Structures are given as C-alpha cells and as structure tokens.
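User: Could you take a close look at the disulfides in this one and walk me through them? I'd like to hear where they sit and how they are built.

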Amino acid sequence: MSEKKPYETPSAGVWVAFAFIILSGLVYVGWQLLTLPSSPVPRGWNPLLPLQVQDELTPFTKMKLARAESSLDSCLAALDGGAEVTAMSPLEASGGCGIEDRVTLSTVGKSRIDPLQTSCAIALRIALWERHGLQPAADEIFGETVGVLRQIGSYNCRAIRTPNGTSSRLSTHATAEAIDITGFDLSDGMQIRLISDWDGDPQKSAFLRAARESACAWFATTLSPEYNSLHADHFHLQSRGWGACR
C-alpha cells in the first residue's frame with residue numbers, strides 16, 4: 001500500500017494567479033455591463049455615458065458635468081431634452097470680454113426664462129439646478145412647480161462691483177460665466193422675489209433659502225442677500241470659483 005502524500009498548501013504565486021484570473025473576469029463582466037447597448041446599469045450610474053440633465057444624481061454626476069463642460073458639443077448634448085438653447089458663434093469683445101461657448105437660453109426644464117445670451121456652462125448648470133433643486137423644493141413647500149425664472153442678465157462687460165466701489169478685476173459676467181436671478185413665478189401665479197421675500201413670508205423665505213442651498217451644489221460660486229447689500233435683490237451664480245456659498 002502506497003503512502004498518501006501530505007496536502008501541500010498552494011504557493012503564493014498560485015494564489016496571485018488565481019486572484020488575477022478572478023479580477024480579470026470581474027473587470028470583463030463589468031465592462032460588458034457598462035458598454036452593452038442594452039446595459040442594465042442606469043445612465044446616472046454608468047460612468048461611461050455622458051451627462052444628461054434628466055439623469056439620476058449619483059457620485060458620478062459632478063465628474064460627468066466637468067466632462068460635459070469641456071466642449072460646446074458635449075454641453076449641448078447634455079442639455080438635450082433639459083432646456084431650449086440655440087448655439088451661437090463666439091462673441092469676441094475687447095478688454096478680455098466675450099462669450100466663448102455662446103448660447104441663447106429660453107427654457108429650462110418646466111420653467112420659462114426671459115431669453116438671454118450666456119455661456120453653455122451656465123445654461124447647463126441652470127438646467128440642473130431647476131430640475132434637481134428648484135422643482136423639488138417648490139413641490140415640497142408649495143405643492144406647485146416653478147413656472148418662470150426671473151433673471152437680470154448674464155453677459156455684461158464690466159469689472160467686479162464691491163460695496164467700496166468698482167474693482168480692477170473683470171467680473172465673471174464679462175465672459176458670461178455668471179447669471180443673476182431675482183426670483184421665481186410658480187405655476188399658480190405666485191411671485192417670489194428676493195428683494196421682498198428673503199426675510200418676508202415664511203414659506204417664500206424657506207423656498208428662497210432652499211434655492212440658495214441647492215444652487216451651491218451646482219454653481220462654483222453662489223452669492224445671496226446674506227453676502228452683502230449689492231446682492232439684496234438677486235442670486236449671483238457662477239460656473240467658476242472656489243466654492244463660495246453665501
């Protein structure tokens with residue numbers, strides 16, 4: 001009778017090879033799930049699919065937003081179905097002013113907005129704010145939808161204004177990387193204005209503060225009446241900045 005050989009534990013190299021095979025299989029399956037036309041992965045959760053305003057918010061949304069803003073074509077594609085925009089040729093002006101990815105914006109989601117020329121990045125961020133911030137807040141507080149966004153402009157070739165006078169630096173309005181919003185009209189006709197309602201009617205005040213907080217999620221700089229007296233009647237919203245939310 002021959003003796004049984006003792007069990008030998010696989011070497012470290014075998015375990016590494018086994019782990020590599022398993023990992024490679026998972027990567028392959030994952031890639032197939034993401035790239036198949038009939039992929040079961042929702043759009044918002046698929047990092048390979050470009051941003052659309054209507055997508056569910058996920059940890060990939062901000063990455064997709066940055067990617068969408070990298071060119072006019074990708075920005076317009078992200079806005080498809082989420083806003084009415086018309087692409088325009090770049091606006092060139094002296095003194096550092098102008099609009100590179102220029103569009104005319106007239107509708108965002110369910111809301112009208114007085115037509116204005118702005119950058120595509122601002123149009124995209126306004127559309128995301130309207131869908132994922134303003135409309136949910138209006139529904140929760142009033143049981144209504146926002147019907148109109150009231151604005152007082154985006155492009156303005158000027159320097160930054162401060163309580164102490166005009167700065168020597170150009171405003172982000174000079175390149176249409178900002179927009180000023182003065183208030184909202186709800187679908188039932190109710191008017192909400194920052195100048196009268198920021199510290200006025202409790203419901204309107206609550207809505208405006210919810211609007212400011214959600215704007216901070218979509219704009220690189222958000223300034224409200226709490227910032228200074230120059231912003232008593234509007235939100236100043238920028239597509240670039242250092243994350244100020246005031």
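Analyst: Let's start at the far end of the chain, with Cys 245. At a relative accessible area of 33%, Cys 245 is partly exposed, since that value falls between the 20% and 50% cut-offs. Keep in mind that this is a predicted model.

The partner of Cys 245 is Cys 216, and the two sulfurs are 1.9 Å apart, which is within the 2.5 Å that makes a pair count as a disulfide. The torsion about this S-S bond is 85 degrees, and the link of Cys 216 and Cys 245 is right-handed. As for what gets joined, Cys 216 belongs to helix H6 (residues 202-218) and Cys 245 to strand E13 (residues 244-245), so this bridge ties together parts that are 29 residues apart in sequence.

On to Cys 97 and Cys 157, another disulfide, with an S to S distance of 1.9 Å. Here both ends are in loops: Cys 97 is between strand E2 (91-92) and strand E3 (98-99), while Cys 157 is between strand E6 (146-151) and strand E7 (159-162), so the parts tied together are 60 residues apart in sequence. The torsion about the S-S bond of Cys 97 and Cys 157 is about 75 degrees, so this disulfide is right-handed. As for accessibility, Cys 97 counts as buried because its relative accessibility is 7%, whereas Cys 157, at 40%, counts as partly exposed.

That leaves Cys 75 and Cys 120, whose sulfurs are joined at 2.1 Å. This pair links distant parts of the chain, with Cys 75 in helix H3 (residues 72-79) and Cys 120 in helix H4 (residues 120-142), 45 residues apart. The S-S torsion of Cys 75 and Cys 120 is about -100 degrees, so this disulfide is left-handed. Both ends are tucked away: Cys 75 counts as buried at 2% relative accessibility, and Cys 120 counts as buried too, at 1%.

Put together, the count comes to three disulfides. If you number the bonded cysteines along the chain, the pattern reads 1-3, 2-4, 5-6. In that scheme, the bridge we began with, Cys 216 to Cys 245, is the 5-6 pair.

Note on methods. Residues numbered from 1 in each chain as written. Predicted model: local features only at pLDDT ≥ 70, side-chain atom pairs only at ≥ 80, totals over all residues. Heavy atoms only, no water. Helix = DSSP H or I, 4+ residues; strand = E, 2+ residues; numbered from the N terminus. Buried < 20%, exposed > 50% of the residue type's maximum accessible area, 1.4 Å probe, protein only.
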